[in-house]
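Work through these exercises with the structure open. Try each task before you read its solution.

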Amino acid sequence: MKIKTKESASALIALLSTVVVAVVLVQAEVRWLPAVLTVLITFALIFVAALFLIRKYVAYKLKPIYSIVLSRNVSTREILEELQDKRVENLGEELTAWADTNDREITRLKEAETFRKQYLGNVAHELKTPIFNIQGYISTLLDGGLEDELINRTYLERADKSILRLINIVSDLDTINKLESNMNSLARDTFDVVALAREIAEQAEMEADKRGIKIEVKGADNLPSPFWVSADKHYVGQVLVNLIINSIRYGKEGGKTRLKFRDMLDKILIEVEDNGQGIAKEDQPRIFERFYRADKGRSREQGGTGLGLAIVKHIIEAHGERISVRSEQGVGSTFSFTLKKVPVRELDK
């Protein structure tokens, strides 16, 4: 028999005691009326006494547990009031739920601490290289290189390049911080995303020409196009800039970068595709992490901060959307994201 409440435990104790008293009364041949009254009174008194003692004992045992759960000193009276209308098994369920919640919170805090340590380590590592470079160039100039016309200009140009890299890292970190702090303060506009893409593609043509890469915008043949969206135009432009520049830097020389647009009912799907070196499968889940580089040496050589795709992910998620990547090594990569569509008929209102 399962005893689930304080009352049932008290009743069982009282019942057993009453049976013993009844047996004694029968053997003593006490008249039935006094015997019945004695049995009833015995049952009532023992039930009340047992219930009182059980509640006090349970409260005594639970007091340190509740003090830990509530993070304060708990009085016995508070626990007795808590126990008044609850089963013991319900208390067990509550404490188990609290323990599970606490375990999850501890796990989350440990993960956050691990991420913080990794993030700080990555920031320090990324800043260390240009700072040490600048220090080395300046030390060389101060040690006599400044008077040597063969090296002074070269070293100053190299120091300037490292300073520019520092500025880019700090600027990207500031962008991510602003996005995290103001996720709901996007300035939503209604604009033609194909027109914006063409404008950015034209601005990137000079860099694409250096590697013989052709940029194609595959949307509507004429502007305005039917691909109007509701989004923050400035930040969406930044997404397109980052993705296009990445496709040029890691694309195949003499290759192509294609921007494609598709109507997905209430969304517009935007894809940036290249036929470059591609991304290894083991790297794909991590490419949107801060400072993560699939090709570390080449990324630094190209001047990347390692934050571009992290910024892209923050911007898209701030719009309530998701970004994904499909890639095959030696074939190329395609980055896809969606934006909220604005039907053309609403533009005429």
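The exercises below go from the whole chain to single residues, and the model is a predicted one.

**Exercise 1. The whole chain**

Task: State how many helices and strands the chain has, and what share of its residues count as buried.

Solution:
- Step 1. Count the elements. The chain has eleven helices and seven strands.
- Step 2. Turn to burial. Of the 349 residues, 38% count as buried.
- Step 3. Look at the contacts between residues at least 6 apart in sequence. Of these, 72% join residues at least 24 apart.

**Exercise 2. The largest nonpolar core**

Task: Find the residues with the most contacts inside the largest nonpolar core, and the helix that gives this core its largest share.

Solution:
- Step 1. Take the core as a whole. The largest nonpolar core has 51 residues.
- Step 2. Pick out those with the most contacts inside it. They are V193, L240, L243, F261 and F337.
- Step 3. Find the helix. Helix α8, residues 233-249, supplies eight residues, the largest share of this core.
- Step 4. Zoom in on F261. Leaving out residues up to four places away in sequence, F261 touches V193, V194, A197, V217, K218, G219, F227, L269 and I270.

**Exercise 3. Two crossing helices**

Task: Classify the crossing of α6 and α8 from the angle between their axes.

Solution:
- Step 1. Read the geometry. The axes of α6 (residues 193-203) and α8 come within 10 Å and cross at roughly 50°.
- Step 2. Apply the cut-offs. Under 35 degrees is roughly parallel, and 65 to 115 is roughly perpendicular. The angle of roughly 50° therefore makes α6 oblique to α8.
- Step 3. Add the hand. The crossing is right-handed.
- Step 4. List the contact residues. From α6 come V193, L196, A197, I200 and A201. From α8 come K233, V236, G237, L240, V241 and I244.
- Step 5. Sort them. Nine are nonpolar, one is polar and one is charged.

**Exercise 4. Two strand residues**

Task: Decide whether T334 and K218 are buried, partly exposed or exposed.

Solution:
- Step 1. Place T334. This residue is in strand β7, residues 332-341.
- Step 2. Use the cut-off. Buried means under 20% relative accessible area. T334 has 8% relative accessibility, so T334 counts as buried.
- Step 3. Check its surroundings. Not counting residues up to four places away in sequence, T334 touches E271, V272, E273, S324, V325 and R326.
- Step 4. Place K218. This residue is in strand β2, residues 214-218.
- Step 5. Classify K218. Its relative accessibility is 45%, so K218 counts as partly exposed.
- Step 6. List the contacts of K218. Beyond its neighbours within four places in sequence, K218 is in contact with L259, K260 and F261.

How values were computed:
Residues numbered from 1 in each chain as written. Predicted model: local features only at pLDDT ≥ 70, side-chain atom pairs only at ≥ 80, totals over all residues. Heavy atoms only, no water. Core = buried A, V, L, I, M, F, W, Y, C linked by side-chain atoms within 4.5 Å. Buried < 20%, exposed > 50% of the residue type's maximum accessible area, 1.4 Å probe, protein only. Helix = DSSP H or I, 4+ residues; strand = E, 2+ residues; numbered from the N terminus. Contact = heavy atoms within 4.5 Å. Axes fitted to C-alpha atoms, helices over the stretch in contact; angles between N-to-C directions. Parallel < 35°, antiparallel > 145°, perpendicular 65-115°, else oblique. Left-handed = near helix turned anticlockwise from the far one by under 90°. Nonpolar A, V, L, I, M, F, W, Y, C, P; charged D, E, K, R; others polar.
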